[in-house]
Amino acid sequence: MAKFSPLSTTPNDSQPSQNDRQTRRKRRTVSTTTASAENYKVGPGRPPREYQFKPGQSGNPKGAKRKPPSLLPDLKRLFEQALSEKVTLKQGEKRRTLTMAEAGIKQLVAQFAKGDRHARRDVFAYAEMLGIDLVTGHRTAIEGALASDHEAILLKYVQRQYDKVCTPPRDFAPPELLDDDLQEQKQN
């Protein structure tokens with residue numbers, strides 16, 4: 001069977017010419033656009049063709065509103081600068097030059113040594129974050145301080161826990177106040 005070709009071919013050419021391809025392409029696009037325009041239904045989500053955005057045209061020509069620049073990089077830079085500033089401290093007769101960060105850490109540790117509970121919390125938190133073991137060097141001192149009260153603390157704890165589980169026995173009057181008749185009944 002011979003193939004049917006809508007384009008005329010010459011007996012010498014087995015391929016259609018360049019001009020024939022373009023006319024075929026034009027015919028195809030004209031027929032599909034007119035057919036699609038006739039079948040196009042206007043409705044929700046399908047605006048009329050004249051109001052649709054043209055190719056290359058933005059749907060939001062003014063663009064989005066500019067966001068205000070973030071303060072975070074500036075604050076971080078200022079914080080780092082403030083911590084690295086030099087300050088001169090006087091200790092007795094000597095003057096020492098330290099950074100603000102070093103001075104702050106020394107002050108935090110001094111407050112911790114005075115017994116400030118907030119400084120204690122912060123020192124333990126920073127030590128844990130930095131991997132510093134505060135207990136290792138002072139273990140014998142801590143154990144010595146706890147050893148004297150250790151047994152008393154444990155006994156009080158056990159007594160409180162025992163009272164929660166068991167009801168304590170009722171208190172009776174001292175033996176000298178008890179009725180003598182009960183002792184006589186026991187003997188009989």
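**Entry 1: the strands**

I began from a rule: two strands count as paired if DSSP finds at least two bridges between them. The model I consulted is predicted. I looked up strand β1, residues 86–91, and strand β2, residues 94–99, and found six bridges joining them. The two strands run antiparallel. Six bridges satisfy the requirement of at least two, so I recorded β1 and β2 as a pair. For one position I noted the partner by name: L89 is bridged to R96 in β2.

I then examined the connection. β1 and β2 form a hairpin, and two residues lie between them. G92 is in the turn, and I noted its positive phi of about 70°.

Next I turned to K86, which lies in strand β1. Is K86 buried or exposed? Its relative accessible area is 61%, and I entered K86 as exposed. I also checked its distance to M100, 14 residues away along the chain. The C-alpha atoms of K86 and M100 are separated by 6.2 Å.

**Entry 2: the chain as a whole**

I counted the elements next and recorded six helices and two strands. Following the sequence, I wrote the pattern down as α-α-β-β-α-α-α-α. The chain has 188 residues, and 5% of them are buried.

**Entry 3: aromatic rings**

How many aromatic pairs does a search of the whole structure find? I obtained one. Its members are F112 and F124, with ring centres 5.9 Å apart and ring planes at 85°. The cut-off for edge-to-face is an angle over 60 degrees, so I classed this pair as edge-to-face. The pair links distant parts of the chain, since F112 belongs to helix α3 (residues 100–114) and F124 to helix α4, with their positions 12 residues apart in numbering.

I looked up the accessibility of both rings' residues. F112 has a relative accessible area of 30% and is partly exposed. F124, at 41%, is also entered as partly exposed.

I added one further ring, that of Y40. R49 lies over the face of Y40, and I noted 4.3 Å from the ring centre.

**Entry 4: salt bridges**

My count of salt bridges came to two. In one, the side chains of R77 and D74 meet, with 3.9 Å from N to O. Why are R77 and D74 separated by about one helical turn? Both lie in helix α2 (residues 72–84) and are three residues apart, which accounts for that separation. I recorded R77 as partly exposed at 41% relative accessible area. D74 is partly exposed as well, at 38%.

The other salt bridge joins the side chains of R121 and D122, at 3.3 Å from N to O. For D122 I noted a relative accessibility of 26%, and the residue counts as partly exposed.

**Entry 5: a nonpolar patch**

Which residues make the nonpolar surface patch? I listed Y126, M129, L130 and I132, and gave the patch an area of about 480 Å². I placed Y126 in helix α4, residues 117–130. With a relative accessible area of 43%, Y126 is partly exposed. Patch members need over 30% relative accessible area, and I noted that the 43% of Y126 therefore meets this condition.

Key. Residues are numbered from 1 along each chain as its sequence is written. This is a predicted model: local features need pLDDT of at least 70, side-chain atom pairs count only at pLDDT 80 or more; totals for chains, interfaces and linings use all residues. Side-chain values use heavy atoms; hydrogens and water are left out. Patches are made of residues with over 30% relative accessible area and no salt bridge: like charges are joined within 9 Å, nonpolar side chains (Val, Leu, Ile, Met, Phe, Trp, Tyr) within 5 Å. Accessible areas come from the Shrake-Rupley method with a 1.4 Å probe; for residues, only the protein chains shown count as cover. A salt bridge is a side-chain nitrogen of Lys or Arg within 4 Å of a carboxyl oxygen of Asp or Glu. Helices (H or I, at least four residues) and strands (E, at least two) are DSSP runs, numbered from the N terminus. Buried means under 20% relative accessible area, exposed over 50%, partly exposed in between (1.4 Å probe, protein chains only). Rings of Phe, Tyr and Trp (its six-membered ring) pair if their centres lie within 6.5 Å; planes under 30 degrees apart count as stacked, over 60 as edge-to-face and the rest as tilted. A charge sits over a ring if NZ of Lys or CZ of Arg is within 6 Å of the ring centre and within 35 degrees of the ring normal.
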